[in-house]
Amino acid sequence: MRPLALILLFMMLHSTTFSQDTYIVGFGKEDITYTDESIGLFGYGDYGHRTDPENPTTSSIYSRAMILGTDSDDWVIMVHADLGAISHPMHPMLLERIKERLLPNIKEGNLMISASHTHCAPGGFSHYPLYQMAAPGFKPDFVEKTIEGMYESVKQAWENKEECSITIKQGKFEPEVPVAFNRALASYNQNPEIPRKYDNHETNLAMNREMDLLAFENKDGKVIGMINWFGVHPIELLPDHLHIDGASKGYAGIYAEEKMGEGTVAIFAQNSAGDIQTCDHHDHKTFDKEMKGILDDPDYSHKKSSLKHAKWNGNVQAEKAVEILDTAPLGKIQGHTIDCELLYVDLSEVMVDPKFAHGEEGARTVSPCLGTPFLASSFYPQHKKPEQRVLNTVIALQKTIYAIKRPFVKKEKRKYRKELYKWQKPKKIGVDAVEKSVMGVELKNLGQGNANDFLLKFFAQPDPI
């Protein structure tokens, strides 16, 4: 369910029950830029995508926080950071700090942390090996600085609390504004609910162009902060950008705060960003030509990083958000009680509706796996890049070896592999996160001088990390 739908549901459930129409709200903002070393950047999983020691940043990155409550002791905290993602360890670390120093009774479900998904923020904050590869490894110093910065933004929000009304607003980007595009048009066109199928020159229409917004206005009529949701991957800065940067979402927050006035905080959160990005990879010739004119940059290309594009796109989002602030609200949040819930779902054990599985009954998700297009940095299986062909060859050889050994393999493993191949089809599985295997070879079996070592060393040539 989209954020606005959840907000409207909350409003309908509570507005007729309680008379309160204001809340206690505070906002805070803290710099979380980390430049102590040449650290790997999170966004593209590229080992060479690291900060330049001589010039590690092109913009600062921030943690922005909002705290919301009533006259009771039940508070909701939202922290939004200019990072690639939020990992599980960060939540309990920040929660513990808030409990120790600020709100001893805060519950786990009352703290939400989200990320802008900039591809040029440091990595090394996750326990998952995949996310450690580019960093490389887990970076305790970076995590500590980030969590402390997040806490400082929460502390500021707590200290800045005041009585506010909360209104719901919404706006929409005009079709001709080149702010976002669908990168997987073939998949999008399979959705039965869309009014029609879109052509390659219409990827700007094959998406949700609406921006949902919450405005927080104090008793003096001043908007002290806002949160908006517009889904788009900020990919103006690519692996050739060796600097920390908040990208378009980060610039949007900075520019909106400048437009709103001193002391305000603007959170540009992600909505359903899935296959939406700030560059058009389908009709890229037209897109590149248009952006060359907009940016006054004859060398612009969607294949290269462009700070001008990041700033322009961020400013477009900022202008839209500020424009929405001046529109009539769709409604006002009214009520009294605040309810929060935190859910954990095992995504490897979800039964799939037959309509999403070509009509097949009993379809289910299985282990999280990385296919050869991902490992070869390709968008689609049909691209068949040379690296992808090599990986496909290795996987085919490994499956042949497994087929020969299958009668001697334990029953549990045979069952696991059968289910895996069935429900991951047609993916060519390169990495299996549950079995902890690469190209079908379990890591615990490496280094034994057998055919598995030969395949990985001479064909796949995996990164030693």
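**Strand pairing, helix packing and aromatic contacts in the predicted model**

Strand 3 (residues 75-81) and strand 4 are paired in the parallel sense, with five bridges between them. The model is a predicted one, and the values reported here are computed from it. Within this pairing, isoleucine 77 has leucine 111 of strand 4 as its bridge partner. Strand 4 (residues 111-115) has four of its five residues buried, so this strand is largely enclosed by the rest of the structure.

The two parallel strands also belong to a right-handed β-α-β unit, in which they are combined with helix 2 (residues 90-101). For the twelve residues of helix 2, a rise of 1.5 Å a residue leads to an expected span of 16 Å, and the end C-alpha atoms lie 17 Å apart, which agrees. The buried residues of helix 2 include Met90, His91, Leu94, Leu95, Arg97 and Ile98. Because these residues cover an arc of only 160 degrees around the axis, they are placed on the same side of helix 2.

Strand 5 (162-172) takes part in several antiparallel pairings. With strand 1 (residues 23-31), strand 5 pairs in the antiparallel sense over three bridges, and valine 25 finds its bridge partner in glutamate 162 of strand 5. Strand 5 is further joined by nine bridges to strand 7 (residues 210-218), the two running antiparallel; here leucine 214 of strand 7 is the bridge partner of isoleucine 168. A pairing over two bridges, likewise antiparallel, connects strand 5 with strand 11 (residues 331-332), where lysine 332 of strand 11 is the bridge partner of threonine 167. In a regular strand, side chains alternate between the two faces of the sheet.

A separate description applies to an open sheet of four strands, which has the order 12-13-14-15 and antiparallel pairing. Strand 12 (369-371) and strand 15 (441-442) stand at the edges of this sheet, each with a single partner strand, so that one side of each is left without a neighbour in the sheet. Strand 13 (residues 429-432) and strand 14 (residues 437-438) run antiparallel and are joined by two bridges, with aspartate 432 standing opposite serine 437 of strand 14.

Aromatic contacts were examined next, and the structure was found to hold 13 aromatic pairs. One of these is formed by phenylalanine 173 and phenylalanine 230, whose ring centres are 4.8 Å apart and whose planes make an angle of 55 degrees, a tilted arrangement. This pair links distant parts of the chain, 57 residues apart, since phenylalanine 173 lies in the loop between strand 5 and strand 6 (181-182), and phenylalanine 230 lies in the loop between strand 8 (223-229) and helix 6 (247-260). Both partners fall under the 20% limit for burial: phenylalanine 173 is buried, with a relative accessible area of 3%, and phenylalanine 230 counts as buried at 0% relative accessibility.

A further pair, between phenylalanine 181 and phenylalanine 287, is edge-to-face, with 5.2 Å from centre to centre and 80 degrees between the planes. This pair, too, links distant parts of the chain, for phenylalanine 181 is in strand 6 and phenylalanine 287 is in helix 7 (residues 284-295), 106 residues apart. Phenylalanine 181 counts as buried at 6% relative accessibility, as does phenylalanine 287 at 2%. In addition, one aromatic cluster is formed by Tyr34, Phe42, Phe125, Tyr128, Tyr131 and Phe142.

Contacts between charged side chains and aromatic rings were also identified. Lysine 161 lies over the face of tryptophan 158, at 3.6 Å from the ring centre, and the charged end of arginine 417 sits over the ring of tyrosine 402, at 4.7 Å from its centre.

Finally, valine 390 is located in helix 10 (residues 386-405), and at 36% relative accessibility this residue counts as partly exposed. Along the chain, valine 390 and alanine 376 are 14 residues apart, and their C-alpha atoms are separated by 9.5 Å.

Methods:
Residues are numbered from 1 along each chain as its sequence is written. This is a predicted model: local features need pLDDT of at least 70, side-chain atom pairs count only at pLDDT 80 or more; totals for chains, interfaces and linings use all residues. Side-chain values use heavy atoms; hydrogens and water are left out. Rings of Phe, Tyr and Trp (its six-membered ring) pair if their centres lie within 6.5 Å; planes under 30 degrees apart count as stacked, over 60 as edge-to-face and the rest as tilted. Buried means under 20% relative accessible area, exposed over 50%, partly exposed in between (1.4 Å probe, protein chains only). A charge sits over a ring if NZ of Lys or CZ of Arg is within 6 Å of the ring centre and within 35 degrees of the ring normal. Two strands pair if DSSP finds at least two bridges between them. A crossover is right-handed if, with the strands pointing away from the viewer, the path from the first strand over the helix to the second runs clockwise. The expected span of a helix is 1.5 Å times one less than its number of residues. The arc is that of the directions from the helix axis to the C-beta atoms.
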